[in-house]
Amino acid sequence: SSRVLWTLAVTQFKRQFFDEMAALFKDFRKGVKEVLDTGFAGSEQKAEVALKSGKASISTDVSRKSADAPLKANLKTTCEALEKYAVTAEAGVDGEGKLTGALRTSKLYPGLVIGLTGSTVLSTKGNNNVETSVEYKHALATLSTVVSCPLDKQAEDKRICKATTSASVSHKASGLSLGGEVVADLCAKKATDYSAGALYKAGKNAITATLKAGLKDASKTVTTNYRVDVNATLAVAAEFAHAFPRTVTDEKTNEPKTIPAANTFSVGALYKVAPSATVRAKINQDALISVGYSEAIRTGLTLNLSAQVDAVKMTENKVSLGLKFDA
């Protein structure tokens, strides 16, 4: 009987602490992002095609930001190799002529993902960059580090080697997660930004509070957001941000100037009108009203429609159309 009780206690402990990975700090806002960010394209017109065969895939998209803007095309290929180490290779080129290559592996150690990315702009000299990333996820904690450095010779005052390190700890039983992030310039050997935040999650319902501070420009912003799933088809979310007043040096006059406090907000909702169709709507502090609609017309083909209306300047309205085909 004591063995049975011990087994039950161990099983309960594992369920609370080890059955679900902790959330990365960058994913604290993930639930709100699904409601307030996803599915709104402004005035962008976009068509996407993705083809998959075995462990290889190729995708391309053609888009333009407005009716009078030029067309831009992106091409991306992905191949999974070395199954033992789960290595993924990617290569792509975008409409700006930026060529990118990446390698990632996720089976060297449970929960550990290592990546290496290189990029260059074909039409411009001095735009070569390399980025390394290490991400570790555990049931109780996460750690992520990304280091990005230019490969070109530049003046010391213009060369920026950026390192972003974040960490978080989670307690599944209470639904509480705490995390933070530090951004540093390795060339200047000093931190430039930091963030700290907390996430409380119950199912898909979540509350997040974050403080972000810029050491270089003396900025401080507090952000809170909420997501509530009313039922299986309706979710609502809201986000509020307060930027504190600060004093900076004017680049032209070299004299101090005060930037006043500012408040921003966004409120939105997501409603599934059918298993394959979703309607989204949101409004922000500038009275910009956005509406989005997406529907899986058939297997592999998705239609995306969105519109943005400025309730103050009625002449500045935008409509977007997108098609995505996966095969």
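This is a short talk on the fold, the core and two loop residues of one protein chain.

Hi everyone, thanks for coming. Before anything else, please keep in mind that we are looking at a predicted model.

Let's begin with the overall picture. The chain has two helices and 21 strands. It is 327 residues in length, and 25% of them count as buried. The exposed area comes to about 20,700 Å², with carbon and sulfur atoms supplying 60% of that. If you take the contacts with a separation of 6 or more, 30% of them are between residues 24 or more positions apart.

Now to the strands, and here I'd like you to find strand 8, residues 141–150, on your screen. How does strand 7 run relative to strand 8, parallel or antiparallel? The two are antiparallel, and nine bridges join them, with strand 7 covering residues 129–137. The connection is a hairpin, and three residues take the chain from strand 7 to strand 8. If you want a pair to click on, try V134, whose bridge partner in strand 8 is T145.

Strand 8 also pairs with strand 9, residues 162–171, again antiparallel, through eight bridges. Right beside T145 in the numbering you'll find V146, and this one stands opposite T164 in strand 9.

Next, the core. As a general point, nonpolar side chains in soluble globular proteins tend to be buried together. Which residues make up the largest nonpolar core here? There are six: V32, V35, L36, A235, A237 and L270. Two elements give two or more residues each, namely helix 2, at 30–36, and strand 14, at 234–243. Helix 2 gives the most, with three residues.

A235 is a nice one to zoom in on. Setting aside neighbours within four places in sequence, A235 touches V35 and L270, which are also in that core. Its other contacts are R227, V228, D229, G268 and A269.

Finally, two loop residues with backbone angles to look at. N254 is not a glycine, yet its phi is positive, at about 60 degrees. Where is it? N254 is in the loop between strand 15, 246–249, and strand 16, 256–259. Is N254 buried or exposed? Its relative accessibility is 61%, and exposed means over 50%, so N254 counts as exposed.

The second residue is A287, another non-glycine with a positive phi, this time near 65 degrees. You'll find A287 in the loop between strand 18, 277–284, and strand 19, 288–298.

That's my tour, and I'm happy to take questions.

Note on methods:
Residues are numbered from 1 along each chain as its sequence is written. This is a predicted model: local features need pLDDT of at least 70, side-chain atom pairs count only at pLDDT 80 or more; totals for chains, interfaces and linings use all residues. Side-chain values use heavy atoms; hydrogens and water are left out. A nonpolar core is a set of buried Ala, Val, Leu, Ile, Met, Phe, Trp, Tyr and Cys residues joined through side-chain atoms within 4.5 Å. Buried means under 20% relative accessible area, exposed over 50%, partly exposed in between (1.4 Å probe, protein chains only). Helices (H or I, at least four residues) and strands (E, at least two) are DSSP runs, numbered from the N terminus. Contact means heavy atoms within 4.5 Å. Two strands pair if DSSP finds at least two bridges between them. Accessible areas come from the Shrake-Rupley method with a 1.4 Å probe; for residues, only the protein chains shown count as cover.
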